[in-house]
Amino acid sequence: MTTSEQLFEKAKTLIPGGVNSPVRAFRAVGGHPLFIKSAKGPFLFDEDGNRYIELINSWGPMILGHAFEPVEEAVRDAIQHSFSFGAPTRKEVEMAELIVEMVPSVEKVRMVNSGTEATMAAIRVARGFTGRDKLIKFEGCYHGHGDSFLIAAGSGAITMGTPDSPGVTKATALDTLTAPFNDLFAVERLIDANANQIAAVILEPVVGNMGCVLPEPGFLQGLRDLCDRHDILLIFDEVMTGFRLAKGGAQEHFGIRPDLTTMGKIIGGGMPVGAYGGRREIMDMVSPAGPVYQAGTLSGNPIAMSAGLAMLRHLNEHPEVYTRLTEIGDKLVAGFRSSLASLGLNFTINHLGSMYTLFMTERPVSNFVDAKSSDLALFGRYFQAMLKRGVYLAPSQFESLFLSVALTDELVDEIIWANEESLKEVI
Ligand code: PMP
């Protein structure tokens with residue numbers, strides 16, 4: 001037995017399913033999870049001393065590679081001054097200022113501790129601001145594990161076969177309406193059928209959680225127009241796309257301004273952080289400026305803020321990071337496409353910048369139904385074949401991969417080689 005297997009056996013007796021977040025259990029791909037000991041730059045090292053090229057990067061935040069020195073240094077400096085005060089700090093002011101500068105639609109921002117907290121708070125604020133109860137989300141989008149969002153949810157929820165989780169009350173579920181991604185008419189019908197009852201439309205502007213799915217031309221603008229016409233708030237969940245697709249996220253890339261934005265992961269540089277922000281008059285609904293209650297002992301935690309500030313400052317001051325990320329993504333995907341062609345395979349690759357998914361289906365994937373047409377057993381074999389060749393993918397078809405600037409051209413070539421050999425092995 002490997003050390004990872006031993007640890008997993010013990011973990012299963014102590015932690016539900018042996019993991020602290022479901023997809024990590026490798027249920028969708030078979031085998032046992034790797035227990036990670038350390039990571040540096042583009043590499044992950046497990047408890048058995050194996051080295052892997054990282055394509056998850058902590059599900060996004062390690063955009064500059066693992067243990068990026070300026071972030072390490074900031075944390076080392078911060079811990080000398082204690083770990084938590086539960087009181088205001090200079091760093092959180094600097095953090096807010098930087099987020100407002102970088103994210104086009106954000107005028108005021110509140111820090112929280114995870115993406116889940118950010119979306120839960122954003123929807124409460126949207127309800128408080130509009131005086132309406134219902135929200136529209138898209139099938140296969142994942143917005144964390146808040147009750148309102150575990151309806152047709154993507155990511156681990158669909159990987160585990162529980163897109164509608166037990167434990168969410170019927171009353172809560174009734175307030176969440178769902179539409180297929182990229183289907184403006186479906187959204188319009190929901191709005192008409194629930195006149196003056198919809199507080200917000202929330203979406204991942206580029207989806208990561210049913211695999212990578214791009215908005216079709218006009219979709220985001222169409223949502224913006226519908227929301228404007230019906231006084232509905234448009235919420236971009238940029239927990240994955242924020243500070244990744246551009247320094248101002250998907251809203252900068254596509255030039256669409258949401259009313260509220262949720263953020264996470266990257267703004268903590270890998271520490272547990274989330275945030276939500278948006279138009280000033282909406283954010284001024286939040287307590288103690290306004291009546292919508294939301295709080296957190298650890299919110300704005302000084303260590304997390306220090307890590308996040310070092311990360312965001314680097315991204316803000318080095319626009320070449322985004323050029324390089326796109327270069328890496330384009331090179332990788334071009335290599336994959338050429339392998340698919342030479343093997344006579346027509347699988348779909350969705351890709352934007354440093355996010356991509358190879359879907360094991362020949363159907364173009366623009367929504368959840370398309371994504372679910374993928375051959376999941378084949379994906380499982382492909383995942384294991386890649387792992388055997390030292391490439392660590394997300395252990396589910398319904399996830400995007402996340403590239404980091406730590407990937408060299410040589411490593412990209414190695415991934416392209418591993419992909420071709422793996423496909424040859426599993427087809
Ligand atoms: N929104 C999106 C788009 C996400 O991808 C995630 C997590 N992957 C969340 C919200 C929830 O974030 P967290 O896991 O930090 O609670």
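## A helix crossing

Helix α3 passes α11 in a left-handed crossing. The model is a predicted one. Two packed helices are described by the angle between their axes and the distance between the axes. Here α3 covers residues 90-102 and α11 covers residues 302-317. Their packing angle is about 35°, and the axes lie 10 Å apart.

Which residues of α3 and α11 meet? From α3 come Lys91, Glu92, Glu94, Met95, Leu98 and Met102. From α11 come Pro302, Met305, Ser306, Gly308, Leu309, Leu312, Arg313 and Asn316. Sorted by class, the contact holds seven nonpolar, three polar and four charged residues.

## Glu94 in α3

Glu94 sits in helix α3, and is one of the residues that meet α11. Is Glu94 buried, exposed or partly exposed? Glu94 has 15 other C-beta atoms within 10 Å, so it counts as partly exposed. Along the chain, Glu94 and Asn182 are 88 residues apart. Their C-alpha atoms are separated by 37 Å.

## The seven-stranded sheet

Strands of a sheet pair through backbone hydrogen bonds, either parallel or antiparallel. One open sheet in this model has seven strands, with mixed pairing. The order is β4-β10-β9-β8-β7-β5-β6. At the edges are β4 (108-112) and β6, each pairing on one side only. From one strand to the next, the twist averages 20°.

Helix α3 packs on this sheet and touches β4 and β10 (274-278). The direction of α3 makes about 125° with that of β4. Helix α7 packs on the sheet too, touching β5, β6 and β7. Its direction makes about 150° with that of β6.

## Pairings within that sheet

Strand β8 (residues 233-237) pairs with strand β9 (residues 260-264). The sense is parallel, over three bridges. Phe236 stands opposite Thr261 of β9.

Strand β5 has two parallel pairings to follow. With β7 (residues 198-203), β5 shares three bridges. Ile136 faces Val201 there, standing opposite it in β7. With β6 (residues 176-179), β5 shares four bridges. Phe138 has Ala179 as its bridge partner in β6.

## How covered is β5?

Strand β5 runs over residues 134-138. How many of its five residues are buried? The count is five of five. Both faces of the strand are covered. One side carries Lys134, Ile136 and Phe138. The other carries Leu135 and Lys137.

## The four-stranded sheet

A second open sheet has four strands, in the order β1-β2-β3-β13, and its pairing is mixed. Its edge strands are β1 (36-40) and β13 (391-392), and each pairs on one side only.

Strand β3 (residues 51-54) and β13 run parallel and are joined by two bridges. Ile53 has Val391 as its bridge partner in β13.

## Around the ligand

Around the ligand there are 17 residues. Which of them come nearest? They are Ser114, Gly115, Thr116, Gly144 and Val239. Helix α4 (residues 115-130) gives the largest share of the shell, three residues. By class, the shell has four nonpolar, 11 polar and two charged residues.

## Loops with unusual backbone

Three loops deserve a look. Ser287 and Pro288 are joined by a cis peptide bond, with omega about 5°. Pro288 belongs to the loop between α10 (280-283) and α11.

Ser82 is not a glycine, yet its phi is positive, about 80°. Its place is the loop between α2 (69-78) and α3. Ser82 has 9 other C-beta atoms within 10 Å, so it is exposed.

Asn196 also has a positive phi, near 60°, and is a residue other than glycine. The loop between α7 (184-193) and β7 holds Asn196. Is Asn196 buried or exposed? It is exposed, because 12 other C-beta atoms lie within 10 Å and the cut-off for exposed is 12 or fewer.

Terms used:
Residues numbered from 1 in each chain as written. Predicted model: local features only at pLDDT ≥ 70, side-chain atom pairs only at ≥ 80, totals over all residues. Buried ≥ 20, exposed ≤ 12 C-beta atoms within 10 Å, placed from the backbone. Pairing = 2+ DSSP bridges. Near = placed C-beta within 6 Å. Nonpolar A, V, L, I, M, F, W, Y, C, P; charged D, E, K, R; others polar. Axes fitted to C-alpha atoms, helices over the stretch in contact; angles between N-to-C directions. Left-handed = near helix turned anticlockwise from the far one by under 90°. Contact = placed C-beta atoms within 7 Å.
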